[in-house]
Amino acid sequence: MTDQTSAARASSTTQDRVLIFDTTLRDGEQSPGATMTHAEKLEIAQLLDEMGVDIIEAGFPIASEGDFAAVSEIARQSQNAQICGLARAQFGDIDRCWEAIKHAKQPRIHTFIGTSPLHRAIPNLTMDEMADRIHETVSHARNLCDNVQWSPMDATRTEEDFLCRTVEIAINAGATTINIPDTVGYTAPRESAALIAMLLEKVPGADGIIFATHCHNDLGMATANSLAAVEAGARQIECTINGLGERAGNTALEEVVMALKVRNDIMPYQTGVDSSKIMNISRRVASVSGFAVQYNKAIVGKNAFAHESGIHQDGMLKNAETFEIMRPEDVGLAETNIVMGKHSGRAALRSKLENLGYELGDNQLKDVFVRFKELADRKKEIYDEDLIALMRIATDPETDRIKLKSMRVVCGTEGPNAATMTLVVDGTEQNTEQTGDGPVDASFNCIKALVPHTARLQLYQVAAVTEGTDAQATVSVRMEEDGRIVTGQSADTDTVVASVRAYVHALNRLLVRREKGGTDKREVSYKDVG
Ligand code: KIV
Ligand code: ZN
């Protein structure tokens, strides 16, 4: 056992420490459309590591070359967190997982198999055959790594006796953490607690093991189910930033962390997470995944700390606690104010961005400052949200092969919508005029005419950054070509210009990906249980 694992266990029993296991980069990222680039995965892993997450599930190494490379790199870069990789109950998966994580300071192998009747039918194994498979694979993992997590997938729909039997086998084979997944989001709080209590009571050897809870949110109960499991004895919560994940998503990290903090009076458990870093990582995950956070989402939604009605505002001015159970700064939300204008200088911009969690090098600051000035010419009041949107524009003048020089659109109720556009492609100016079903469509048709490609647009998303008709629009575009998925982002007070820039950004990334080769196609999914 690693020192760290023993320390975590010791503290879990003496101080009721709950370990936070973040699976944004594995369960979150496998949600259709949430694909992140290699660099984005590294950035999110670093933020997770810095905020005090105990375990980062960095990916599923057998799934693709890209997953393997990301997990290996995260394993090398992480300073504090344990780095975990997922593996099905197969020797090949487990070996590949170990290859990817073995450079981590604290590696963990997470292996699993579906134990419910429906899941057992997929590999067509009898209960005895499955029991043997669990013993062999967990033992194999434990021979490679002294920190092994085992999960009976669809545990909440598995027969109680069989679940106890498989958990006991995994413990005897050397598993150090047992995770109990509610794979289809089916359980309810009382049942979630009863299941953990039952396992702790009935399974021999369970008292020396950390039990984890892994909930999906199909019935909107993931957070409640996770907390109920903790009250029954689970000491690890598996979760994702913003609740990202397949279907209705996973338990949201920010919700369980803040629930344990704010209601520590009735749930006296500690996590190691610095909650003031929540807003920053939430914004980054929303931005790189293209999954915007709903306005009224608990903790990280735009309205979570907004008090608009007259009665509320009056109460808030007298005493913030009247309508507030936590302070915005507890989650890293600085008060929204008019921060800057066209006379603000570079040093002020740097300092403001640092307050918002962005550390910039000199060249990056120069680039952002130019865009800030352009924005300040068009928009009188620049809010924190405007600056965050500016930071999402990740153009690279050095490597971008396509640049927007100028454009004009004609749209309205009469006649065809048309766009004229000049792009600089590999240093040469090219222009065209195209029509389309609306100004955005016409503009995208211009790009397609000037830079022919077969990429399919998978997502086109627009959101207003602030209120007012001069608000910036942020646009996310995701496209796919031959199994390569790229995203592009931009922000501008003109929605059509922001859309074109986001498209051009994605296309520049696609050109780089074409040169590098390789695809994002996953050869296997965790659902292919062989
Ligand atoms: O939901 C689930 O069952 C999973 C497993 C792979 C742990 O994500
Ligand atoms: Zn899951």
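These exercises work through a zinc site, a nonpolar core, a helix pair and a loop residue in a predicted model.

**Exercise 1. The zinc site**

Task: Find which protein atoms serve as donors of the zinc ion (ligand 2), and state where D27 and H214 sit in the chain.

Solution:
- Step 1. Look around the ion. The protein donors are D27 (OD), H214 (NE2) and H216 (NE2). They lie 2.0 to 2.1 Å from the zinc ion.
- Step 2. Read the donors along the chain. Their spacing is D-x186-H-x1-H.
- Step 3. Place the pair D27 and H214. D27 belongs to helix 2 (residues 24-28), and H214 to strand 7 (residues 210-215). They are 187 residues apart, so distant parts of the chain are linked here.
- Step 4. Check the accessibility. Buried means under 20% relative accessible area. D27 has 2%, so D27 is buried. H214 has 4%, so H214 is buried too.

**Exercise 2. The nonpolar core**

Task: Which residues touch the most other members of the largest nonpolar core?

Solution:
- Step 1. Take the core as a set. The largest nonpolar core holds 86 residues.
- Step 2. Pick out the best-connected members. I20, W150, V167, I178, I180, L199 and I237 touch the most others.
- Step 3. Ask which helix contributes. Helix 8 (residues 160-172) gives the most to this core, with 7 residues.
- Step 4. Zoom in on I178. Leaving out residues up to four places away in sequence, I178 touches W150, V167, A170, I171, I209, I210, F211 and A212.
- Step 5. Look beyond this core. Another core, of 27 residues, lies apart from it; V440, F444, V451 and M479 are among its members.

**Exercise 3. Two packed helices**

Task: Describe how helix 9 (residues 189-202) packs with helix 10 (residues 222-231).

Solution:
- Step 1. Take the geometry. The helices pack at an angle of about 35°, and their axes are 8 Å apart.
- Step 2. Add the handedness. Helix 9 passes helix 10 in a right-handed crossing.
- Step 3. List the contact. Helix 9 supplies P189, S192, A193 and I196; helix 10 supplies A224, N225, A228 and A229.
- Step 4. Sort by class. The contact has 6 nonpolar, 2 polar and no charged residues.

**Exercise 4. A loop residue**

Task: Is T240 buried or exposed?

Solution:
- Step 1. Locate the residue. T240 is in the loop between strand 8 (236-239) and helix 11 (253-262).
- Step 2. Apply the cut-off. T240 has 0% relative accessibility, so T240 counts as buried.
- Step 3. Name the surroundings. Setting aside neighbours within four places in sequence, T240 contacts D22, T23, T24, G28, N250, T251, A252, L253 and E254.

Notes. Residues numbered from 1 in each chain as written. Chains lettered and ligands numbered in written order. Predicted model: local features only at pLDDT ≥ 70, side-chain atom pairs only at ≥ 80, totals over all residues. Heavy atoms only, no water. Axes fitted to C-alpha atoms, helices over the stretch in contact; angles between N-to-C directions. Helix = DSSP H or I, 4+ residues; strand = E, 2+ residues; numbered from the N terminus. Left-handed = near helix turned anticlockwise from the far one by under 90°. Contact = heavy atoms within 4.5 Å. Nonpolar A, V, L, I, M, F, W, Y, C, P; charged D, E, K, R; others polar. Donors = N, O, S within 2.8 Å, 3.2 Å for Na, K, Ca; no water. Buried < 20%, exposed > 50% of the residue type's maximum accessible area, 1.4 Å probe, protein only. Core = buried A, V, L, I, M, F, W, Y, C linked by side-chain atoms within 4.5 Å.
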